[in-house]
Amino acid sequence: MKNVMISTGNLNYQYAVLDCIFAFDHAEERFLAGTDPHVAFNGVKQKLKDRCMELGGDAVINTHFEYRSAHAEGLFGAKQVIEIFAYGTVIQFSQK
């Protein structure tokens, strides 16, 4: 499996831009436990990597992450939900 790089900045390599992509994930409050934002963050990064590979890319650059905390109705009332949105540019490294 190819290792896709996720970067919040530009890379100092020659590359071709393939596309812009968007991903979303969330983490819900668990019974007798809090909400773990790392679950949503890792999930959205994996979705970016999967989409990048589908497009034949090597990396996602200039990636931006946004989040919000929301409440959803659960069996025992409202529960906290962390939502993370991300977008970036898929690139393919140029062959020399």
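This report walks through the fold, the helix, the salt bridges and the aromatic rings of a predicted model.

Let us begin with the overall layout. The protein has four strands and one helix, and from the N terminus its elements run β-β-α-β-β. Of its 96 residues, 30% are buried. Sequence-distant contacts are well represented: among contacts between residues at least 6 apart in sequence, 72% join residues at least 24 apart. The exposed surface comes to about 6,500 Å², with carbon and sulfur atoms supplying 52% of it.

The helix, H1, covers residues 37-54. Its 18 residues reach 26 Å from first C-alpha to last, close to the 26 Å expected at 1.5 Å a residue. At the N-terminal end, Asp36 acts as a cap, with a side-chain oxygen 3.0 Å from the backbone nitrogen of His38. After H1 comes Gly56, which has a positive phi near 85°. The buried residues in H1 are Ala40, Gly43, Val44, Leu48 and Cys52.

Next, the charged pairs. A search of the whole structure finds three salt bridges, listed here with the distance between their closest N and O atoms.

| Salt bridge | Closest N and O atoms |
|---|---|
| Lys47 and Asp25 | 3.9 Å |
| Glu54 and Arg51 | 3.0 Å |
| Glu83 and Arg68 | 2.3 Å |

Lys47 sits in helix H1 and Asp25 in strand S2, so this salt bridge ties together parts 22 residues apart in sequence. Asp25 is buried because its relative accessible area of 15% is under 20%, whereas Lys47 is partly exposed at 40%. Glu54 and Arg51 both belong to H1, three residues apart, or about one turn of the helix. An α-helix has 3.6 residues a turn, so residues three or four places apart point the same way. Here Glu54 is exposed at 59% relative accessible area, and Arg51 is partly exposed at 34%. The pair of Glu83 and Arg68 links strand S4 with strand S3 (residues 59-74), the two residues being 15 apart. Glu83 is buried at 13% relative accessibility, while Arg68 is partly exposed at 45%.

Finally, the aromatic rings. The count comes to four aromatic pairs. One of them joins Phe24 and Phe85, with centres 5.1 Å apart and 40° between the planes. This pair counts as tilted because its angle is neither under 30 degrees nor over 60. Phe24 lies in strand S2 (residues 15-28) and Phe85 in strand S4 (residues 77-93), 61 residues apart. Phe24 is partly exposed, at 31% relative accessible area, and Phe85 is likewise partly exposed, at 26%. Together with Phe22, Phe24 and Phe85 form one aromatic cluster.

Technical notes:
Residues numbered from 1 in each chain as written. Predicted model: local features only at pLDDT ≥ 70, side-chain atom pairs only at ≥ 80, totals over all residues. Heavy atoms only, no water. Phe/Tyr/Trp six-rings, centres within 6.5 Å; stacked < 30°, edge-to-face > 60°. Buried < 20%, exposed > 50% of the residue type's maximum accessible area, 1.4 Å probe, protein only. Expected span 1.5 Å × (residues − 1). Polar contact = N/O pair within 3.5 Å; in protein donor to acceptor, adjacent residues only side chain to side chain. Contact = heavy atoms within 4.5 Å. Areas by Shrake-Rupley, 256 points an atom, 1.4 Å probe, with all protein chains shown as cover. Salt bridge = Lys/Arg side-chain N within 4 Å of Asp/Glu carboxyl O.
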